Amino acid sequence: MKIQNNIEKKLLNHFNPQHLQVINESSMHNVPAGSESHFKVVIVTPSFSGERLIKRHRAVNSVLKEELANDIHALALHTYTQEEWHNLYGEFPNSPNCLGGSKLDQ
């Protein structure tokens, strides 16, 4: 998971995202087990505000240029502002309050 960890660290440091998922999709391709060559990145950051999709992708590619040149065969990018993310997926639902074992008997 060295490459995946490097991707996560670089994107966290550069974009300070509110949400980041780096998913290794290599197992879905014809590569040896344990490979780190195909990734999907979902990133939500205010850095993308007012930027076109191509500029967002170029920004991510620039941060990951070393990995793209040496390790990554495929990189799927899903880049959002917080407002776009909220409009598409909404808020995460709140968890219910804990009733605890003794509260159920009351």
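Read from the N terminus onward, the elements of this protein follow the order α-β-β-α-α-β-α-α, which amounts to 5 helices and 3 strands. The model is a predicted one, and what follows leads through it from the sheet outward to the helices. Of the 106 residues in the protein, 30% are buried, while the surface that the protein exposes comes to about 7,600 Å², with carbon and sulfur atoms supplying 49% of it. Among the contacts between residues at least 6 apart in sequence, 61% join residues at least 24 apart.

The strands are a good place to begin. They form an open sheet of 3 strands in the order β1-β2-β3, with mixed pairing. Because β1 and β3 (74-80) stand at the edges and have a single partner strand each, one side of each is left without a neighbour in the sheet. Neighbouring strands of this sheet are turned against each other by 10 degrees on average, if direction is ignored. The strands β2 and β3 run parallel and are joined by 7 bridges.

A residue that helps to connect these parts is Val41, which is found in strand β2 and stands opposite Leu77 in β3. Is Val41 buried or exposed? Its relative accessibility is 0%, and since a residue counts as buried under 20%, Val41 is counted as buried. Setting aside residues up to four places away in sequence, Val41 touches Leu20, Gln21, Val22, Leu75, Ala76, Leu77 and His78, and also Ile7 and Leu11. Val41 and Ile23 are 18 residues apart in sequence, yet their C-alpha atoms are 6.4 Å apart in space.

Two of the residues touched by Val41, Ile7 and Leu11, are among the buried residues of α1, and this leads to the helix itself. Helix α1 packs on the sheet, where it touches β1 and β2, and its direction makes about 160 degrees with that of β1. With its 14 residues at 1.5 Å a residue, α1 should span 20 Å, and its end C-alpha atoms are indeed 20 Å apart, so the expected and the actual span agree. The buried residues of α1 are Ile3, Gln4, Ile7, Leu11 and Phe15. Seen down the axis of the helix, these buried residues fall within an arc of 100 degrees, and therefore they line one face of α1. On the other side of α1, by contrast, Lys2, Lys9 and Asn13 are exposed. The cover over the buried residues of α1 includes β1, β2 (38-44), α2 (53-63) and α3 (65-70).

Within this buried face, Gln4 can be looked at more closely. Gln4 has its place in helix α1 and counts as buried because its relative accessibility is 10%. Leaving aside neighbours within four places in sequence, Gln4 is in contact with Val22, Asn24, Glu36 and Phe39.

What follows the end of α1? The helix is followed by Asn16, whose phi is positive, near 45 degrees, and this is a positive value in a residue other than glycine. Asn16 is found in the loop between α1 (2-15) and β1 (19-24), and because its relative accessibility is 61%, Asn16 counts as exposed.

Helix α2 offers a second example of a helix with a buried side. Its buried residues are Arg56, Val60 and Val63, and they cover an arc of only 65 degrees around the axis, which puts them on the same side of α2. On the other side of α2, Ile54 and Arg58 are exposed. What covers the buried residues of α2 includes α1, α3, β3 and α4.

Among the buried residues of α2 is Arg56, and its relative accessible area is 6%, so Arg56 is classed as buried. Not counting residues up to four places away in sequence, Arg56 touches Phe48, Glu51, Thr79, Tyr80, Thr81 and Glu84. Helix α4 (residues 82-89), for its part, lies across β1, β2 and β3, and runs at about 90 degrees to β3.

Terms used. Residues are numbered from 1 along each chain as its sequence is written. This is a predicted model: local features need pLDDT of at least 70, side-chain atom pairs count only at pLDDT 80 or more; totals for chains, interfaces and linings use all residues. Side-chain values use heavy atoms; hydrogens and water are left out. Helices (H or I, at least four residues) and strands (E, at least two) are DSSP runs, numbered from the N terminus. Buried means under 20% relative accessible area, exposed over 50%, partly exposed in between (1.4 Å probe, protein chains only). The expected span of a helix is 1.5 Å times one less than its number of residues. The arc is that of the directions from the helix axis to the C-beta atoms. Contact means heavy atoms within 4.5 Å. Accessible areas come from the Shrake-Rupley method with a 1.4 Å probe; for residues, only the protein chains shown count as cover. Two strands pair if DSSP finds at least two bridges between them. Axes are lines fitted to C-alpha atoms, for helices over the stretch in contact, and angles run from 0 to 180 degrees between N-to-C directions.
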